[in-house]
Amino acid sequence: AVMEKGNYRHFMEKEIHDQPEGCQRTIAAYVDTLTDRTAVPGGLDFKAIERIQIVACGTSYIAGMMGKYLIEKLADLPVDVEIASEFRYREPALNAGSLAIAMSQSGETADTLAALRYCQAKGMKSAAIVNTVESTIAREVDVIWPIHCGPEIGVASTKAFTAQVSVLTALAVAAARARGRIDEAEEQRLVRVLLEAPRLIAESIQLEDAVRGIAVEVAKARDVLYLGRGPMYPLSLEGALKLKEISYIHAEGYAAGELKHGPIALVDEHTPIVILAPFDSYFEKSASNMSEVMARGGQVVFITDPDGERHAPAGARVVVTAPRCDPLIAPLVMSAPIQLLAYHVALQKGADVDQPRNLAKSVTVE
Ligand code: G6P
């Protein structure tokens, strides 16, 4: 079918706005709304899995990293995540009791496919989180975990990312329950929280006007730093990746705690610093990093929630206030502001948002 942009200027813009629906359809495939329990297709026993090895590239790799944060915390199940092109060549030590998960929107990324085959050759069971269920990767695994966000056309991935994170969140809850780390009541509470995500993502997309204003300033920068802790660390990597992909501004995502080990040397009044910090257990530490960069003249763009806004250190020039939510779904709710920031900075710069230079939607060469 010919894909249409409807009233949107770019596929990327449309796909950002598609996310509430894409996540809703995806989540619906991994939970049972009659019982509020998880219902992960494929019949895999999470008790029998010793470790998970995720292999992926690009945005899918960052989604995988988010999966590590979610699954290890909730289910106490070790997860390794690696860039497929490194993994396949460095002769990693693996054991057959691990589950390999190939994470790929297209299901055709050559390095991801090769890394998957490497795991299978070591006797590991395999699963794939893919958008294209007819893809090569999907055909070669034991279990297919589809995302249901619809075809993604924009080269910079947006709705596939939040759909991947939706699946990983459901897997984390299911694994936690299967491994006895949470009881049934807690499983039900978390499933209800997850089911709230689409509505809250829709609310956070409403921040577009605020973000558009910030983009005018960010577009003037030569370098942009993104900082976050916990699950906001992978999200800061994704924010930086989105910005460099489509606006060609150099950007780096950093674990906020690493600030003092290097990137703080970059901070001056010309460097916007995007700090991702909802009011969670990491907040105080992130707020103190914020004070550190402000003390050095850094221009902070603070992406938080209503409680974080109230507790923000004085002097944060620009605050983007996403809706309040349970920490389980903060990665989903905080995604839209960083995607929209990259999008509007790219528009400011007149860049070709859907077809950024030198990039391809799917990389089938090694
Ligand atoms: C390319 C695309 C990225 C994507 C990556 C992995 O680099 O430009 O947007 O994240 O490939 O693609 P996959 O289809 O495996 O998720």
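This report describes the ligand shell, several helices and strands, and a few residues with notable backbone angles in a predicted model.

**The ligand shell**

The ligand is surrounded by 16 residues, and the closest of them are Gly58, Ser104, Gln105, Ser106 and Thr109. By character, the shell divides into 5 nonpolar residues, 10 polar residues and 1 charged residue. Among the elements that contribute to this shell, helix 3, which spans residues 58-75, gives the most, with 3 residues.

**Strands 5 and 6**

Strand 5, covering residues 98-104, pairs with strand 6 in the parallel sense, and the pairing extends over 6 bridges. Within this pairing, Leu99 stands opposite Lys125 of strand 6. Strand 6 itself, made up of residues 125-130, is mostly covered, since 5 of its 6 residues are buried.

**Helices 7 and 14**

Helix 7 runs from residue 159 to residue 178, and its 20 residues reach 29 Å from the first C-alpha to the last, which is close to the 28 Å expected at 1.5 Å a residue. This helix is mostly covered, with 20 of its 20 residues buried, and just after it Gly180 takes a positive phi of about 70°.

Helix 14, formed by residues 335-348, has 14 residues and reaches 20 Å between its first and last C-alpha, close to the expected 20 Å. Because 12 of the 14 residues of helix 14 are buried, this helix is largely enclosed by the rest of the structure. The buried residues include Pro337, Gln339, Tyr343 and His344, as well as Ile338, Leu340 and Leu341. Helix 14 is followed by Gly350, whose phi is positive and near 70°.

**The two sides of helix 9**

In helix 9, which comprises residues 208-218, the buried residues are Val211, Ile214, Ala215 and Val218. These residues cover an arc of only 115° around the axis, and therefore they lie on the same side of helix 9. On the other side of helix 9, Asp209, Gly213 and Val216 are exposed. The packing partners of the buried residues of helix 9 are strand 8 (223-228), strand 10 (272-276), strand 11 (299-304), strand 12 (318-321) and helix 14, the last of these being the helix that is itself largely enclosed by the rest of the structure.

**Individual residues outside the covered elements**

Asp36 is not a glycine, yet it has a positive phi of about 55°; its place is the loop between strand 1 (31-32) and strand 2 (37-38). Glu91 likewise has a positive phi, near 55°, in a residue other than glycine, and it lies in the loop between helix 4 (84-87) and strand 5. Arg139, by contrast, belongs to helix 6, which spans residues 136-140. Although Arg139 and Gly107 are 32 residues apart in sequence, they are 9.1 Å apart in space, C-alpha to C-alpha.

The table sets out the surroundings of these residues.

| Residue | Other C-beta atoms within 10 Å | Exposure |
|---|---|---|
| Asp36 | 17 C-beta atoms | partly exposed |
| Glu91 | 8 C-beta atoms | exposed |
| Arg139 | 11 C-beta atoms | exposed |

A residue counts as exposed if 12 or fewer other C-beta atoms lie within 10 Å of its own, and as buried if there are 20 or more. Glu91 is therefore exposed, with 8 such atoms, and Arg139 is exposed with 11, whereas Asp36, with 17, is partly exposed because its count falls in between.

Note on methods. Residues numbered from 1 in each chain as written. Predicted model: local features only at pLDDT ≥ 70, side-chain atom pairs only at ≥ 80, totals over all residues. Near = placed C-beta within 6 Å. Helix = DSSP H or I, 4+ residues; strand = E, 2+ residues; numbered from the N terminus. Nonpolar A, V, L, I, M, F, W, Y, C, P; charged D, E, K, R; others polar. Expected span 1.5 Å × (residues − 1). Arc of directions from axis to C-beta. Contact = placed C-beta atoms within 7 Å. Pairing = 2+ DSSP bridges.
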